[in-house]
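Work through the exercises below with the sequence and the model open side by side. Try each task before reading its solution.

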Amino acid sequence: MHQKRRKRVAVIGAGLGGLTAAGFLQRAEFAVKVYEQAPAFSRIGAGIILSANVTKVLRRLGLEDALVAAGIKSRQYISRAWNTGETMYEIVFDAASERRNGGPYVHIHRGDLHAVLERGVAPGTIAFDHQLVDLREAEDSIQLRFANGATAEADIVIGADGVRSKVREFLLGPEPPQFVGAVAYRAIFPARRLNGFHIPDCTKWWGTDRHCLPYFLTGRRDEVYAIGVVPAPGWDSDEASIPSSRAQYLESFAGFHPDLQRVLEAVDSVSLWPIFDRERNDCWSGGRHGRLVLLGDACHPMRPFMAAGGAMAVEDGAILSRCLQKFDEPAEAFRSYEATRIDRVGKVQRISIENSWMRGPTDTDWFYCYDACAVPLAF
Ligand SMILES: Cc1cc2nc3c(=O)[nH]c(=O)nc-3n(C[C@H](O)[C@H](O)[C@H](O)COP(=O)(O)OP(=O)(O)OC[C@H]3O[C@@H](n4cnc5c(N)ncnc54)[C@H](O)[C@@H]3O)c2cc1C
């Protein structure tokens, strides 16, 4: 066997990006292990939007049908004004747009998404309850140590460990992410609580300093997710989220159009999540011997206002795996990965900060039509 096919890759974090990279690298016969700090995937009360640029990548891992079966192929996205309810923009997802974009536009429960992604890697690939605490770089390998006392060795370490990445800390030094001054209400509830009130597959309600996005999570349209983002002066909890209430959610969107009030009145249990990001930093790889690399939120966390952070992690995973197949030398692979990804990710990061995506008429081709499995690799 060719030497490059035996490289041992340790992926830290079994999120969207880590599992995508692991799935592709395994298919290219790298020896891949994924280390995840959580004892198991938990079913957090949240949904996620996966646009065509994501679904076409996951198709290559054989996951498209399962994604669509577990989630919903959305028929439309509508932007509406908070007070008048005026439609500011509408995009229809039909067979023609699916052909044009190269994949469907899917909404899915995050718990269901993880169950699908897990099928993209070989059984036994993910080591749960493995929180990376230490990393030592020798000339020809990297030693990893986990909180449970286990150790491991790898040739390449992919830090796919999210916004509080430990691998990033080894690469760039400790630097906490920044609270962006906004929090997100997240609520999932059965559609029957709408008492027959009809809602489109996805609507974004645009206020002056806040927005709310109710959308269906299943093809049966029997489960709804409503994420509402509002300004907040600070976040002083150590928890990833805190419980909230329907009353608090409604109060935060008081004065919004009655159609949104009807949806929020149907909300059942609600949690509140802080939003963090980082200043853009284009150093995504390195280490003493050039064997560490980051992807997704570990290197470019972004505000969730374009629903694109997960998409960028999945695209990163696909491109990074292609670069590692093309270049034997990790440093060359990482250079190509960064050169291929940084401009696109920077643009998405900027639009996410602006919160301008699909507010009005928008050119979406550059985003949805992108195919991370086929675009030329830069160097
Ligand atoms: C409110 C909100 C709504 C969003 N909506 C969307 C959306 O609709 N569409 C979209 O594309 N994106 C959305 N995003 C963004 C998206 O969730 C993230 O960008 C995406 O999850 C990043 O994926 P990732 O694989 O980089 O990291 P993550 O999904 O965060 O995965 C990181 C994993 O690493 C593990 N980990 C962390 N530290 C360690 C360690 N030391 N050792 C071992 N394991 C570790 C974690 O437990 C976790 O499983 C949203 C984000 C927020 C906050």
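**Exercise 1. Check the length of helix 10 against the span expected for its residues, then follow the helix to its end.**

Step 1. The model is a predicted one. In it, helix 10 covers residues 330-354, which is 25 residues.

Step 2. The expected span is 1.5 Å times one less than the number of residues. For helix 10 this gives 36 Å.

Step 3. The C-alpha atoms at the two ends of helix 10 are 35 Å apart, which agrees with the expected span.

Step 4. Look along the axis: helix 10 bends by about 40 degrees at Arg 341.

Step 5. Just after helix 10 comes Asn 355, with a positive phi of about 55 degrees.

**Exercise 2. Describe the surroundings of the ligand, from the residues of the shell to the polar contacts.**

Step 1. There are 30 residues around the ligand, and those that come nearest are Gly 17, Glu 36, Arg 110, Leu 132 and Asp 297.

Step 2. Sort the shell by residue class: 14 residues are nonpolar, 10 are polar and six are charged.

Step 3. Assign residues to elements. At least two shell residues come from each of helix 1 (16-27), strand 3 (47-50), strand 13 (178-190) and helix 9 (309-326). Helix 9 gives the most, with four residues.

Step 4. List polar contacts. The side chain of Asp 297 has an N or O atom 2.8 Å from an oxygen atom of the ligand. On the backbone, an N or O atom of Gln 37 is 3.1 Å from a ligand nitrogen, and one of Gly 310 is 2.9 Å from a ligand nitrogen.

Step 5. Consider the surface. The ligand taken alone exposes 1000 Å², and the protein buries 85% of that.

**Exercise 3. Is Gly 17 buried or exposed, and which residue far along the sequence lies 4.6 Å from it?**

Step 1. Locate the residue: Gly 17 belongs to helix 1.

Step 2. Apply the cut-off. Buried means under 20% relative accessible area. Gly 17 has 5%, so it is buried.

Step 3. The residue sought is Val 314: its C-alpha is 4.6 Å from that of Gly 17, although 297 residues separate the two in sequence.

**Exercise 4. Place Ser 165 in the fold and state what its side chain reaches.**

Step 1. Ser 165 sits in the loop between strand 12 (156-159) and helix 6 (166-172).

Step 2. Its relative accessibility is 3%, so Ser 165 counts as buried.

Step 3. The side chain of Ser 165 reaches two backbone nitrogens: that of Val 167 at 3.3 Å and that of Arg 168 at 2.8 Å.

How values were computed:
Residues are numbered from 1 along each chain as its sequence is written. This is a predicted model: local features need pLDDT of at least 70, side-chain atom pairs count only at pLDDT 80 or more; totals for chains, interfaces and linings use all residues. Side-chain values use heavy atoms; hydrogens and water are left out. A residue is near a molecule or strand if one of its heavy atoms lies within 4 Å of it. A polar contact is a pair of N or O atoms within 3.5 Å; within protein, one must be able to donate a hydrogen and the other to accept it, and residues adjacent in sequence count only if both atoms are side-chain atoms. Accessible areas come from the Shrake-Rupley method with a 1.4 Å probe; for residues, only the protein chains shown count as cover. Ala, Val, Leu, Ile, Met, Phe, Trp, Tyr, Cys and Pro count as nonpolar, Asp, Glu, Lys and Arg as charged, and the others, Gly among them, as polar. The bend at a residue is the angle between axes fitted to the seven residues ending there and the seven starting there. Buried means under 20% relative accessible area, exposed over 50%, partly exposed in between (1.4 Å probe, protein chains only).
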